[in-house]
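The following exercises are to be worked through with the sequence and the model at hand. Each task is followed by a solution in steps.

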Amino acid sequence: MSFGTAFHLIGALKAAGQALPLMWRRAGLVLAALFVILLLGHLPFLDMWVRRLLIVLGVIAHTAAAGALYRLVLFGERYAASEGLGFGGLQFGRPERRLLAASALVLLFWSMVFVTGAVVLALFMGAAGLPEDSFRTPHALLMTLINGPQPQGVVVALAIFAVLLILTILTVKLWLHRAATVAEHRVVSLNALNLSSGQTVKLFLGYAYILLPFIFLSTLMPSLAVVAGMPLGGVINLALGVVVFMPLGIAFLASAYRQISALRAKG
């Protein structure tokens, strides 16, 4: 069901690329802090409590970075400061607290759907008479579905595909909740399902277009040297993910949100 014309995909991707210099300039410190915290989390032999502290700091830094980036791309450099943007993107105000609340609600809802899907799959597998050890690993399950009794294997395979498809669609449809939370100055969680109605395919294609180059580059990264407990390629991938992929993804979703909101306003 669609509530209007879909947003302009190429325009959203171009806007994301054009926003990169602004995001680096005004939110560079928080992105650097996030990278350092994530890198430290990979150090070997860390005390359990230190690792837990780094996880908490990582969540805080990621939320602060998202808040800074969304302010910049939604309100522009001129008005971002009045929306609470801190120096270098270092701030933790109401938008960040709203982002945490919205993300928690979305995660809770997604988890409920995931558990429901897992129960459905367990019922299908039990009804198909699959042995318990046949789905302990993905490879074992695949071999059982191919070589096991038919048509039970086909039915279970279709059930798995259906559950994965539902989870993927649900994930994409919820992508706009953070942009809406910052833009509308309120917690937006499941409301994002209505906001993204009719836009799901374009949202997925745009995000995939941004993600694919990073997947390709990750296969080419060297792994000989070890830095902070990670292969050198892993460190480079982490840096690219924080400094390039995260800003691009947020800028794309923010541009899509702005277009969709304008289309809805026009009726």
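**Exercise 1.** Determine where H185 is found and whether H185 counts as buried, partly exposed or exposed.

*Solution.* The model is a predicted one. Step 1: H185 is found in the loop between helix 6 (177–183) and helix 7 (191–195). Step 2: its phi is near 55 degrees, a positive value in a residue other than glycine. Step 3: the relative accessibility of H185 is 39%, and partly exposed covers the range between 20% and 50%. H185 therefore counts as partly exposed.

**Exercise 2.** State the order of helices and strands along the protein chain.

*Solution.* Step 1: the protein chain contains nine helices and two strands. Step 2: read along the sequence, the pattern is α-α-α-α-α-α-α-α-β-β-α. Step 3: for the chain of 267 residues, buried residues make up 39%. Step 4: among contacts with a separation of 6 or more, 76% come from residues 24 or more positions apart.

**Exercise 3.** Compare the end-to-end reach of helix 1 and of helix 8 with the expected values, and locate the kink in each helix.

*Solution.* Step 1: helix 1 (residues 9–40) has 32 residues, and a straight helix would reach 46 Å at 1.5 Å a residue. Step 2: the end C-alpha atoms of helix 1 are only 37 Å apart, short of that value. Step 3: helix 1 has a kink of about 80 degrees, centred on A27. Step 4: helix 8 (residues 200–218), with 19 residues, reaches 27 Å from its first C-alpha to its last, close to the expected 27 Å. Step 5: helix 8 has a kink of about 30 degrees at L211, shortly before the proline P213.

**Exercise 4.** Classify the packing of helix 8 against helix 9 by angle, and list the residues in contact.

*Solution.* Step 1: the axes of helix 8 and helix 9 (residues 232–266) are 11 Å apart, at an angle of about 170 degrees. Step 2: angles over 145 degrees count as roughly antiparallel, so helix 8 is roughly antiparallel to helix 9. Step 3: the crossing of these two helices is right-handed. Step 4: helix 8 contributes K202, L203, G206, Y207, I210, L211, F214, L217 and S218 to the contact, and helix 9 contributes N237, L240, V244, F245, L248, G249, F252, L253 and A256. Step 5: the buried residues of helix 8 are T200, L203, G206, I210 and F214.

**Exercise 5.** Classify the crossing of helix 2 and helix 9, then describe the surroundings of L74.

*Solution.* Step 1: the axes of helix 2 and helix 9 come within 9 Å and cross at roughly 45 degrees. Step 2: helix 2 is therefore oblique to helix 9. Step 3: this crossing is right-handed. Step 4: residues of helix 2 in the contact include H62, Y70 and L74, and those of helix 9 include M246, A254 and R258. Step 5: L74 lies in helix 2 (residues 48–80) and counts as buried at 10% relative accessibility. Step 6: leaving aside neighbours within four places in sequence, L74 is in contact with A179, V182, A183, A254, Y257 and R258. Step 7: L74 and A180 are 106 residues apart in sequence, with a C-alpha to C-alpha distance of 9.7 Å.

**Exercise 6.** Is S255 buried or exposed, and which residues does S255 contact beyond four places in sequence?

*Solution.* Step 1: S255 is placed in helix 9. Step 2: its relative accessible area is 12%, under the 20% cut-off, so S255 is buried. Step 3: apart from neighbours within four places in sequence, S255 is in contact with G11, A12 and A15.

Notes:
Residues are numbered from 1 along each chain as its sequence is written. This is a predicted model: local features need pLDDT of at least 70, side-chain atom pairs count only at pLDDT 80 or more; totals for chains, interfaces and linings use all residues. Side-chain values use heavy atoms; hydrogens and water are left out. Helices (H or I, at least four residues) and strands (E, at least two) are DSSP runs, numbered from the N terminus. The expected span of a helix is 1.5 Å times one less than its number of residues. The bend at a residue is the angle between axes fitted to the seven residues ending there and the seven starting there. Buried means under 20% relative accessible area, exposed over 50%, partly exposed in between (1.4 Å probe, protein chains only). Axes are lines fitted to C-alpha atoms, for helices over the stretch in contact, and angles run from 0 to 180 degrees between N-to-C directions. Angles under 35 degrees count as roughly parallel, over 145 as roughly antiparallel, 65 to 115 as roughly perpendicular and the rest as oblique. A crossing is left-handed if the near helix is turned anticlockwise from the far one by less than a right angle, and right-handed if clockwise. Contact means heavy atoms within 4.5 Å.
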